[in-house]
Every structure is written in structure tokens, then in C-alpha cells.
Amino acid sequence: MPLLNETHDPALRSWVASAHRAGTDFPIQNLPFAVFRRKGSLEAWRGGVAIGDQIVDLAAAAALAVFDGPAGMAALAGSQDKLNALMARGQPAWRALRLALSRGLREGAAEQRQLQACLVPQAEAEYDVPARIGDYTDFYTSVHHATNIGRLFRPDNPLLPNYKWVPIGYHGRASSIGVSGQAFRRPQGQTLPPGAAQPVAGPCKRLDIELELGVFIGEGNALGGPVAIAQAEDHVFGICLLNDWSARDIQAWEYQPLGPFLSKSFATTISPWIVTLEALAPYRAPFQRPEGDPQPLPYLDCAAHREAGSLDIQLQVELLTPRMREAGHAPATLCRTSYRHAYWTLAQMVTHHTVNGCNLQPGDLLGSGTLSGPTLDQAGALIELTGGGKQPVALPGGEQRTFLEDGDSVVLRGWCEKPGAARIGFGLCEGTVLPALQAPQR
Ligand code: MN
């Protein structure tokens, strides 16, 4: 697990002035990766690294040979239209590039003049999904979410007996994953109206969000070669924000016996920026089980993981309706929570995913599952915040919501802060609901 080093020093200063603006997500201690190009241009997509309100263009840095050795090779790998090649190079390459970028962006750096020529303002950029995502797996790692949802779907049997032993997941759909700014049509499908004997087809009436983190796999593992928990994080490139839009009425009718299908596969939105595990090192927290709960089986447990396997990432969900937008209201905060409440960690997700020999590949994406905290105001989905759609949430301007309406935008934010470390953030993960494409089909 990465330890603190010179790149985490909170006293570091960059020659990029905006990296010091109060509240910036991207100080020199962060250095997250994205794929970008100038907005509205036909430029090639390529990798970039955020610093303040700027992007270091990795293709430009590679062309100018700003970095040499392993860092130069990593910058070249990061110049492609997707980050899979950089992800596949493994942790030593990512660490070398981070160190070279940190040194080159510091005040007084010899590389300043060259790197200055590689900067593109974030205000002029558009982003793409940062990797070719071969496979997407969504987990269910919040015991609070599992209990709240279970109570709504199965009042007599909220938490199934396997939950505290096995990290639950399902295989999701990669093709409909989009980057922040994604707008998607309200899905249609089969639902069983309350009290009805037969299902109907039509637009979803209970469209929801799921506040999640996305974990990008870096170096893969060979088919048949499980990843031990002590090495699990070596296979993780970094973390983004993820909104797993969910059609609850479709889900309730379809989810048994094989789990979610069309209730999830119509859209998933991720933030463009991937924050590396190395950048998150100051925000590690002990992995602990509540008193009386079973300890993880030995393959999901090791001393280093117990000491620092969790991450304290602050998370927030905001909602902006069309009427609020017109009235000039700021988005309303729906919930605040932290990733440290997760029952299963990212290392446990990786190890469990591979325990049967399944091969993860560079660019694969793992969703954490909805990250609801211990109290209901920390719930990361509307179905929990509204008690199954029974208690609407009040919004500025007198509106209410149980589930999402057409034109609603949802913004996820994530950040880490504590005394003695630089505050780092994830940028935004925003998505907007468009009206269903056509009238209900018979
Ligand atoms: Mn989910």
C-alpha cells in the first residue's frame, strides 16, 4: 500500500497559480488523470493531468520529451486516446510519472517553460470516458444501503444471510457508461403497478440515482491467477465518482432471481478525472468490523488491510431541477457521507472478484455500490432518502421530489480533507434526465 512521500507534502507550491485557489479540487498533491481535447474541436483525444484550472497535455509533454526514463515512457503511454496502455504499465510507471509531474510543476522547476507550453485550460476542454472499459462490475459494499433497500423490497428479510461474508456484485453494462455531462433518455420497460395482476410496458416512473465510487483496474491478472489481498491495490489505477442511475420500478419486477438487468444498463455516469490511490494515501483509515459481526474470511483479510484498508472520501449528492435552474437557485444538497463507512473495501472487491480465477484487465471498472452511511440523511439514493417514495424531499422554491423528473440534473462531488494534508477533490460527475423517447408501447 502506497506510503506518504514528497508528492504529498502539504507545503508544496506550484508555479500554476490556480492550484492554490481556496477550495480547488486539483492542487499539486492530487494530479488526477483524464482523457480530453479542446471543446468542439476535432483534435485527437489524449491523456491529461489536472493542476489547478489547467490540464497538462500528456501528448504534448511526450512530444517535447519533457520527462525521461520510466516517467517519459508513462507519459507516452498516457498520450493515447484511452488510458488503458498507461494503466497496463503498472504502479511503478504511475508513481514515476506522478513524481516527475510533481517536481516539474513545483515553483522553480527547470521544466516550467516546457510544461507551460503543454497546458490547456479546463474551461476550454471536453472529456471522454478515460478507458476502454472491457468489463464493468457493480458491487454492493454499503451494509446500510443493503439493509435500507432490503427492508423496502423484502420487509420480513432485509439483509440476506450471505451479506456479511461475501462481497455481493453483478456484471453490469459497459457500453452505456458516459462521462460527466451525459444526458440520457428516461428508460422504458416492464413494471408491475401496485396491486396489479399483470405488468405494463412504459416509461420508468421511479428513476433514481446511486452515489458510488468507480475503481479503475490498472495492471490485470492472468486467467486462473487470483490476486491476494496484500497485492490487490497494486492492481488499482485509481478512483472516480460514479452515478449508477436506476429504474426502481423496473428493478423491483425483474431482479429475481438473477439480479439487476435493464433497470441499470441504460446509463451510468462517471467523473472524467481518476484520482490515483497514491494521491489518496493521506486519507487511509483502518478497516474495522462492528462489534459482533464476523471477521472476513482469511483470503479477504491481512494486517496491512486492517490497519489502512479503508479510505475517508467525503461524498455529496446535489439536485438541480429545471425550475430551480430558471429561478437561478443553487443545486440542493440531498446527502453527505463518506466512503469510510463501506462494509467491503476496494482491496476486498479486487481479491474477491479474482478468487475464482477471473481475470481483470486494464481499464475494467468496479462500482462500489451505493455508498449510504449509517444514518438515513447519509443515504446515497432517493429510494432510501424518501422511504421508498413515501416522504418527498423538499427543494428550494417549494418543489418536492420522490424520484427524478425530466430535466433534473444530479451532481456528485467527492473530496478529502484533514489537518496536515492538502485537500484534494474529484471534480464533478453530472448527468441529466431527458424525456422518454416515445409514448408507452402497448
Ligand atoms: Mn449500483
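Trainee: What makes the largest pocket a pocket, and what is its volume?
Mentor: The search runs on a 1 Å grid over the protein atoms alone, and a pocket is an open set of points with protein on both sides within 12 Å along at least five of seven lines, whereas a cavity is a set where a 1.4 Å probe fits but cannot get out. The largest pocket has a volume of about 540 Å³, a volume being the space filled by probe spheres set on the points, which are joined across faces, edges and corners. Keep in mind that this is a predicted model, where local features need pLDDT of at least 70 and side-chain atom pairs pLDDT 80 or more, while totals for chains, interfaces and linings use all residues. Residues are numbered from 1 along each chain as its sequence is written, and side-chain values use heavy atoms, with hydrogens and water left out.

Trainee: Which residues lining the largest pocket are closest to its centre?
Mentor: Lining residues have an atom within 4 Å of a point. There are 28 of them here, and Tyr140, Arg154, Ile168, Tyr255 and Pro260 are closest to the centre. Helix H6 gives the largest share, 4 residues.

Trainee: What makes a lining residue nonpolar, polar or charged?
Mentor: Ala, Val, Leu, Ile, Met, Phe, Trp, Tyr, Cys and Pro count as nonpolar, Asp, Glu, Lys and Arg as charged, and the others, Gly among them, as polar. The largest pocket's lining then splits into 14 nonpolar, 8 polar and 6 charged. For the second largest pocket, of about 430 Å³, the split is 10 nonpolar, 2 polar and 5 charged. Helix H7 gives the most to that second lining, with 4 residues.

Trainee: Why are Asp138, Glu210, Glu212 and Asp244 called donors of the manganese ion?
Mentor: Donors are N, O and S atoms within 2.8 Å of the metal (3.2 Å for Na, K and Ca). The oxygens of these four residues lie 2.1 to 2.2 Å from the manganese ion, so they qualify. Water is not among the atoms, so the site may look incomplete.

Trainee: Glu210 and Glu212: buried or exposed?
Mentor: Both are buried, which means under 20% relative accessible area (exposed is over 50%, partly exposed in between, with a 1.4 Å probe and protein chains only).

Trainee: What covers the buried residues of H6?
Mentor: The cover includes helix H7 (248-254) and helix H11 (382-385). Among the buried residues of H6 (143-153) are Val143, His145 and Ile149. Helices here are DSSP runs (H or I, at least four residues), numbered from the N terminus.

Methods:
Helix = DSSP H or I, 4+ residues; strand = E, 2+ residues; numbered from the N terminus. Contact = heavy atoms within 4.5 Å.
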